[in-house]
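Let's take a friendly walk through this model, one neighbourhood at a time. Keep the coordinates open as you read.

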Amino acid sequence: MPFNPEFLMEGFPATVREAARDVRVVARADVVVVGGGPAGLAAALGAARNGASTLLLERYNHLGGLASGGMVLVLDDMWDAHLGEIAVRGVCLELIERLAARGLAQFPREDEWGRDAASLQRWTRWGAFDFNSRDKPHPIVFAAAFDPDGFKRLALEMTSESRIALRLHSWFSHALVEDGRVKGVVCDTKSGREAVLADVVIDTTGDLDVAASAGAPFSAGAYILTTVFRLGNVDTETAERFEREEPAAFAVLDKQVKSLIGGSWAHWWLKTPLPGVVWCNCPHMSGLDGLKVEDLTTAELRGRGHLHAAVDFLRAHLPGFERCVVIDVAPQTGVRQTRLLEGDYIVTKEDLAERRRFADAVARGRDYTTPYRALLPRGLDNLLVAGRHYSATSSAQKVSREIPPCMAMGEAAGVAAALALSAGVNVRDVDVRALQRRLREQGADPGDQSGRNADVPALARRIQQRETA
């Protein structure tokens, strides 16, 4: 039954007054990162590895955000089809390599990229294809399928190695602002409200919570919501063979499944590094606002209804799924777009379509770049923004919001914060050329240079020992 706010409000006042109170200061750091998703993890690592004392705040009991808690289990949109190379590097590529070393990530190597029949057969159901290509079937490119708990584990290890102070279970409440300068944030916790002070704050909440609270201008956006889930006991070999050998029968069943799910991408299930476990980036639900409690509640109720109806059908009809069970539903709702910053520069869809290379580019996506100005809120100092709520139009964000480019933005923001503190300047006045050089020194690609990179990362060439044993 949908949530009915009018029923609950009947007979009650429209507002209540909250009493003023003192808030205990629990910590202070050079850089405070609010939001421990992929962009926040990269931002915290970028700042800490460049000498800034760094504190990372996260509302859930884990790091990784929509990658781990939201179970968006393919790191993609990091392949430049025009240049034929891996576009997103740095922290994102490092994380993939560390996951793969533990058998918790799978990806095609350099000699498997392209449209070779064997590669298409092996890698398509891993999600390692160029979903932006107009060619059908989509060519295989560099993308990594990973295990969500592995992401959480590695994120904690990496923050610990870099001596990042971590405060989980801390739900952002509001920004502390004095004379246009962000001084810190207040969080709600089980111990009550707690304040954390900082010289630089980085907003990686995904919904622009910090910047909006501080008074930064923004636009309102919306896109589909998803309650991602995983299925176990799936015979993926049988399922893939049925799809390959009986395409007409498969197409009929696939259409029926998608109708029950209520909306999905072309491939509603993909393989994971865990045997017999697949993930389903669906159902897709439109017309809901990711900032409204009522709509988020509706999404959970509606999404579970869709997925259980689909599972009943799968058990009865789809080869390979006869014994499938629901392992879990993502604890984080798949929210793709809400508030969007209106920063010093607003990236447009034309910028992306024209593959514009900005002089102040600090992060690279598929075949586009992000200027440093798109991370800077207008009218506020000591604040940076990184992630899917960066300064872009709604149409531009929809095609530039994937996890790897958000990690690239986060890494750039973290390094920028550290450089600003080292130079004794505001983040708006950072030497962007120095920032670009530092990013390159650390293995990232800020996207400021035209043309192809000279190297193919060793990760894309290497065959794991367990595959050749």
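What follows looks at a small sheet, then a glutamine beside it in sequence, then a hairpin.

This is a predicted model, so local features need pLDDT of at least 70 and side-chain atom pairs count only at pLDDT 80 or more, while totals for chains, interfaces and linings use all residues. Residues are numbered from 1 along each chain as its sequence is written, and side-chain values use heavy atoms, with hydrogens and water left out.

Let's begin with an open sheet of three strands, ordered E17-E13-E19 with antiparallel pairing. Its edge strands are E17 (284–285) and E19, each pairing on one side only. Strands (E, at least two residues) are DSSP runs, numbered from the N terminus, and two of them pair if DSSP finds at least two bridges between them. E13 (residues 225–226) is joined to E19 by two bridges, and Leu225 has Val335 in E19 as its bridge partner.

Now follow the chain to the loop between E19 (334–335) and E20 (339–341), where you will find Gln337. Is Gln337 buried or exposed? With a relative accessible area of 2%, Gln337 is buried (under 20%, using a 1.4 Å probe and protein chains only). Its contacts (heavy atoms within 4.5 Å), not counting residues up to four places away in sequence, include Tyr223, Arg388 and Ser394. The side chains of Gln337 and Gln397 share a polar contact of 2.4 Å (a pair of N or O atoms within 3.5 Å; within protein, one must be able to donate a hydrogen and the other to accept it, and residues adjacent in sequence count only if both atoms are side-chain atoms). The Gln337 side chain also reaches the backbone nitrogen of Ala222, at 3.2 Å.

Finally, a hairpin of four residues links E21 to E22. Three bridges hold this antiparallel pair, E21 (residues 361–364) and E22 (residues 369–371), with Ala361 opposite Pro371.

Terms used:
Buried < 20%, exposed > 50% of the residue type's maximum accessible area, 1.4 Å probe, protein only.
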